[in-house]
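Reader: I am a first-year student, and I would like a close look at a single part of this model. Please begin there and then connect that part to the rest.

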Amino acid sequence: VNKPGVYTTINERMNILEALGLAGYITKQGCINNILLIRNIGQENEKFIQLDLSDINFISSPYFHLQSNDILYIQHK
């Protein structure tokens, strides 16, 4: 992304597209079909979810809306 970092929002229903907008969107070197969402699912447990933003069906995914402390990792090509 153009502005990597930690972003805090008051919006309880932020989605992946909104989060990427805050971070300056994905650069030309970013892989939109290999986004890693890291989600805390309990005490010291994390779930790793691969997302493909080039597939329109990701909008209906249960991971489209972010939760508190989610991490998005954009892989370079």
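Author: Asn69 sits in the loop between strand 2 and strand 3, the latter running over residues 71-76. Helices and strands here are DSSP runs numbered from the N terminus, a helix (H or I) having at least four residues and a strand (E) at least two. The model is predicted, so local features need pLDDT of at least 70 and side-chain atom pairs count only at pLDDT 80 or more, while totals for chains, interfaces and linings use all residues. Residues are numbered from 1 along each chain as its sequence is written, and side-chain values use heavy atoms, with hydrogens and water left out.

What sets the backbone of Asn69 apart is the sign of phi, which is positive at near 70° in a residue other than glycine. Most residues other than glycine have a negative phi. Asn69 counts as exposed because its relative accessibility is 61%, where exposed means over 50% relative accessible area, buried under 20%, and partly exposed in between (1.4 Å probe, protein chains only).

Tyr25 can be read alongside Asn69. Tyr25 is not a glycine either, and its phi is positive at about 65°. Tyr25 lies in the loop between helix 1 and strand 1, and its relative accessibility of 54% makes it exposed.

That loop between helix 1 and strand 1 holds Thr27 as well. Thr27 is buried, because its relative accessible area is 18%. Apart from neighbours within four places in sequence, Thr27 is in contact (heavy atoms within 4.5 Å) with Val1 and Asn2. Gln29 is also in the loop between helix 1 and strand 1, and it is partly exposed because its relative accessible area is 45%. Beyond four places in sequence, Gln29 is in contact with Gln75, His76 and Lys77. Between Gln29 and Gly5, which are 24 residues apart along the chain, the C-alpha atoms are separated by 17 Å.

Next come the strands, beginning with strand 1, where Leu36 is placed. Leu36 is buried, because its relative accessible area is 18%. Leaving out neighbours within four places in sequence, Leu36 is in contact with Phe48, Ile49, Gln50, Ile71, Leu72 and Tyr73. The C-alpha atoms of Leu36 and Ile74 are 6.5 Å apart in space, although the two residues are 38 residues apart in sequence.

Ile49, one of the residues that Leu36 touches, belongs to strand 2. Ile49 is buried because its relative accessibility is 8%. Outside four places in sequence, Ile49 is in contact with Ile35, Leu36, Leu37, Arg39 and Tyr63. From Ile49 to Tyr63 the sequence separation is 14 residues and the C-alpha to C-alpha distance is 8.2 Å.

A nonpolar core is a set of buried Ala, Val, Leu, Ile, Met, Phe, Trp, Tyr and Cys residues joined through side-chain atoms within 4.5 Å. The largest one here has 14 residues, and those with the most contacts inside it are Ile16, Leu37, Leu51, Leu53 and Leu66. At least two residues of this core come from each of helix 1 (16-22), strand 1 (30-42) and strand 2 (45-51). Helix 1 gives the largest share, three residues. In soluble globular proteins, nonpolar side chains tend to be buried together. For Leu51, the contacts beyond four places in sequence are Ile16, Ile32, Asn33, Asn34, Ile35, Leu37, Ser61 and Tyr63.

These parts fit into a plain overall picture. The protein has one helix and three strands, in the order α-β-β-β along the sequence. Buried residues make up 32% of its 77 residues. Among contacts in the protein with a separation of 6 or more, 53% are between residues 24 or more positions apart. The C-alpha atoms fill a box of roughly 35 × 25 × 25 Å along the principal axes. The radius of gyration is 12 Å, which agrees with the value near 11 Å for a compact globule of 77 residues; it is taken over C-alpha atoms, and the globule rule is 2.2 Å times the number of residues to the power 0.38.
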